[in-house]
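Hi,

Here's the model I promised to pass along. Have a look at it first, and then read on for what turned up when I went through it.

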Amino acid sequence: IIPDMSGISIGVGIFYTLLIQGEHEMIDYKPLWETMKEKNVSTYSLIRDYHFSKGTLDSLKQNRNVTLNTIETLCKILQVPVEKVVRIIYDDTDVVK
């Protein structure tokens, strides 16, 4: 288990899964946009105040892979656990091996 800076522990498997977008998995950043709205944080403020690149924001908008450092930074900025930033959706054909 790897502790993040806010004291919330996240399993290594979750970190690994966040980096891999497989055939039957989907990384979804919908929780991020909902959390940003709740916290009154705009994409403009991420660019201006936190030096996020437009490319990173585009990746988030397109549900593409981003680095764990990006996820951690968003959690710190918003002061929320990782599940308020990203979720993984599996389809019905996923099988644990």
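A quick word on terms before the turns come up: helices here are DSSP runs of H or I with at least four residues, numbered from the N terminus. With that numbering, α2 is followed by N40, whose phi is positive, near 55°. Most residues other than glycine have a negative phi, which is why I went looking for others like this one. More on those further down.

Before anything else, please keep in mind that this is a predicted model.

**Overall layout**

The protein has 5 helices and 4 strands, and along the sequence they come in the order β-β-α-β-α-α-α-α-β. Of its 97 residues, 32% count as buried. If you take the contacts with a separation of 6 or more, 64% of them are between residues 24 or more positions apart.

**The core**

The largest nonpolar core has 19 residues, and the ones with the most contacts inside it are Y29, L32, L46, I71 and V85. Helices α2, α4 and α5 each supply at least two residues of this core, with α5 giving the largest share, 5 residues.

V85 is a good place to start clicking around. Setting aside its neighbours within four places in sequence, V85 is in contact with D28, Y29, P31, L32, I71, L74, C75, L78 and V80. Three residues on that list, Y29, L32 and I71, are also among those with the most contacts inside the core.

**Helix α2**

Helix α2 covers residues 30-39. Its buried residues are P31, L32, T35 and M36. Seen down the axis of α2, they fall within an arc of 135°, so they line one face of the helix. That fits the usual helix geometry: an α-helix has 3.6 residues a turn, so residues three or four places apart point the same way. On the face of α2 turned away from the buried side you'll find the exposed residues K37 and E38.

Which residues does T35 touch, once its neighbours within four places in sequence are left aside? They are L78, V80 and K84. T35 has a relative accessible area of 2%, and since anything under 20% counts as buried, T35 is buried. L78 and V80 turn up in the contacts of V85 too.

**Helices α3 and α4**

Two packed helices are described by the angle between their axes and the distance between the axes. For α3 (residues 43-50) and α4 (residues 54-61), the axes come within 10 Å and cross at roughly 150°. The crossing of α3 past α4 is right-handed. On the α3 side the contact is made by T43, L46 and I47, which meet K54, L57 and K61 in α4. Sorted by type, the residues of this contact divide into 3 nonpolar, 1 polar and 2 charged. L46 is worth a second look, as this residue is also listed among those with the most contacts inside the core.

Buried residues in α4 are L57, S59 and L60. They cover an arc of only 155° around the axis, which puts them on the same side of α4. What covers them includes α2, α3 and α5 (68-78).

**Back to the positive phi values**

Where does N63 sit? N63 is in the loop between α4 and α5, just after α4. N63 is not a glycine, yet has a positive phi of about 55°. At 18% relative accessibility, N63 counts as buried. Try looking across to D28 from there: the two are 35 residues apart along the chain, but their C-alpha atoms are separated by 5.5 Å. D28 also appears among the contacts of V85.

And is Q79 buried or exposed? Q79 is exposed, with a relative accessible area of 69%. This residue is found in the loop between α5 and β4 (87-90), and Q79 likewise has a positive phi of about 55° without being a glycine.

That's what I have for now. Shout if you'd like to go through any of it together.

Cheers

Methods. Residues are numbered from 1 along each chain as its sequence is written. This is a predicted model: local features need pLDDT of at least 70, side-chain atom pairs count only at pLDDT 80 or more; totals for chains, interfaces and linings use all residues. Side-chain values use heavy atoms; hydrogens and water are left out. Axes are lines fitted to C-alpha atoms, for helices over the stretch in contact, and angles run from 0 to 180 degrees between N-to-C directions. A crossing is left-handed if the near helix is turned anticlockwise from the far one by less than a right angle, and right-handed if clockwise. Contact means heavy atoms within 4.5 Å. Ala, Val, Leu, Ile, Met, Phe, Trp, Tyr, Cys and Pro count as nonpolar, Asp, Glu, Lys and Arg as charged, and the others, Gly among them, as polar. Buried means under 20% relative accessible area, exposed over 50%, partly exposed in between (1.4 Å probe, protein chains only). The arc is that of the directions from the helix axis to the C-beta atoms. A nonpolar core is a set of buried Ala, Val, Leu, Ile, Met, Phe, Trp, Tyr and Cys residues joined through side-chain atoms within 4.5 Å.
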